[in-house]
Amino acid sequence: MKNKLKALREHKNLTQNELAEKSGLSLRTIQRIEAGGVFKGHTLKTIAQILEIDTQDLFFTENGRLNIERAKLINLSVLSGLIIPFGGIAIPLYLTFLTKDEKNKQLGKNIVSIQIILAAVLSVLLIASPFIQKTLSIKFPLFIIFLIAFICLKIGVTIINGISLNKTDDIYNKLKINLI
């Protein structure tokens with residue numbers, strides 16, 4: 001199983017020397033691990049603690065890809081908003097902030113940001129629906145159409161992001177700005 005120490009170290013803006021000093025390990029040990037060497041026990045725990053991640057987050061999965069299972073769980077938890085009011089934001093947000101791995105945390109923040117925008121748009125549409133309904137003299141309650149469209153959109157975005165996470169280790173819908 002290949003490790004991803006170099007990428008995690010660089011993400012924290014640490015040199016090999018700085019990581020060696022902070023962890024109390026030798027520079028040669030850090031170099032050997034980054035070159036693909038095996039590490040476990042005290043070394044594994046020490047490095048994970050310095051990088052503020054779980055020990056399993058130091059490794060790629062068997063197929064050589066990043067471990068993004070947490071991001072998949074965050075994406076799926078968005079559907080809780082169909083049952084619990086604001087659950088589509090609160091539960092994924094909670095799972096995101098419990099995540100220690102930076103890649104999963106960033107993916108989680110993107111997923112929650114999309115849900116915040118969807119909830120804001122729905123809120124505006126629900127507030128505006130009686131006025132639009134009256135202006136257009138529509139007898140059918142317009143807010144039901146907005147709710148059904150929102151539910152379909154929420155499910156669609158979740159499915160598309162889930163497929164993208166499985167194929168590319170990234171979400172399909174990304175925002176230029178992060179709301180969290």
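A salt bridge is here a side-chain nitrogen of Lys or Arg within 4 Å of a carboxyl oxygen of Asp or Glu. By this criterion, a search of the whole structure, which is a predicted model, yields 2 salt bridges. The legends below begin with the complete chain and then turn to individual sites.

**Figure 1. Overall architecture of the predicted chain, which is built from 8 helices and 0 strands.** In sequence order the elements follow the pattern α-α-α-α-α-α-α-α. The C-alpha trace extends over about 75 × 30 × 25 Å along its principal axes. The radius of gyration of the chain is 22 Å, whereas a compact globule of 180 residues would have a value near 16 Å. Of the 180 residues, 39% are buried. Among contacts with a separation of 6 or more, 61% join residues 24 or more positions apart. The chain exposes about 10,800 Å², and carbon and sulfur atoms supply 64% of this area.

**Figure 2. Salt bridge between glutamate 34 and arginine 9.** The closest N and O atoms of glutamate 34 and arginine 9 are 2.4 Å apart. Glutamate 34 belongs to helix 3 (residues 27-34) and arginine 9 to helix 1 (residues 5-11), so the pair ties together parts that are 25 residues apart in sequence. Both glutamate 34 and arginine 9 are buried, a term that denotes under 20% relative accessible area.

**Figure 3. Salt bridge between lysine 72 and glutamate 69 within helix 5.** In this pair the closest N and O atoms lie 3.4 Å apart. Lysine 72 and glutamate 69 are separated by about one helical turn, because they are 3 residues apart in helix 5 (residues 69-77). Lysine 72 is partly exposed, with a relative accessibility of 25%. Glutamate 69 is likewise partly exposed, its relative accessible area being 49%.

**Figure 4. Surroundings of serine 129 in helix 7.** Helix 7 comprises residues 102-135. Serine 129 has a relative accessible area of 4% and is therefore classed as buried. The side chain of serine 129 reaches the backbone oxygen of leucine 126 at 3.0 Å. When neighbours within four places in sequence are set aside, serine 129 is in contact with Leu142, Phe143 and Phe146. For orientation within the chain, serine 129 and lysine 6 are 53 Å apart in space, C-alpha to C-alpha, and 123 residues apart in sequence.

**Figure 5. Nonpolar surface patch of about 740 Å².** The patch is made by Ile132, Leu136, Ile138, Phe140, Phe143, Ile144, Ile145, Leu147 and Ile148. Helix 8 (residues 142-168) gives the most to the patch, with 5 residues. One of the patch residues, isoleucine 145, is found in helix 8. Isoleucine 145 has a relative accessible area of 43% and is partly exposed. Patch residues must have over 30% relative accessible area, and the 43% of isoleucine 145 therefore satisfies that cut-off. Phe143 is a member of this patch and is also in contact with serine 129, the residue shown in Figure 4.

How values were computed: Residues numbered from 1 in each chain as written. Predicted model: local features only at pLDDT ≥ 70, side-chain atom pairs only at ≥ 80, totals over all residues. Heavy atoms only, no water. Patch = residues over 30% accessible without salt bridge, like charges linked within 9 Å, V, L, I, M, F, W, Y side chains within 5 Å. Areas by Shrake-Rupley, 256 points an atom, 1.4 Å probe, with all protein chains shown as cover. Helix = DSSP H or I, 4+ residues; strand = E, 2+ residues; numbered from the N terminus. Buried < 20%, exposed > 50% of the residue type's maximum accessible area, 1.4 Å probe, protein only. Contact = heavy atoms within 4.5 Å. Polar contact = N/O pair within 3.5 Å; in protein donor to acceptor, adjacent residues only side chain to side chain. Rg over C-alpha atoms; globule rule 2.2 N^0.38 Å.
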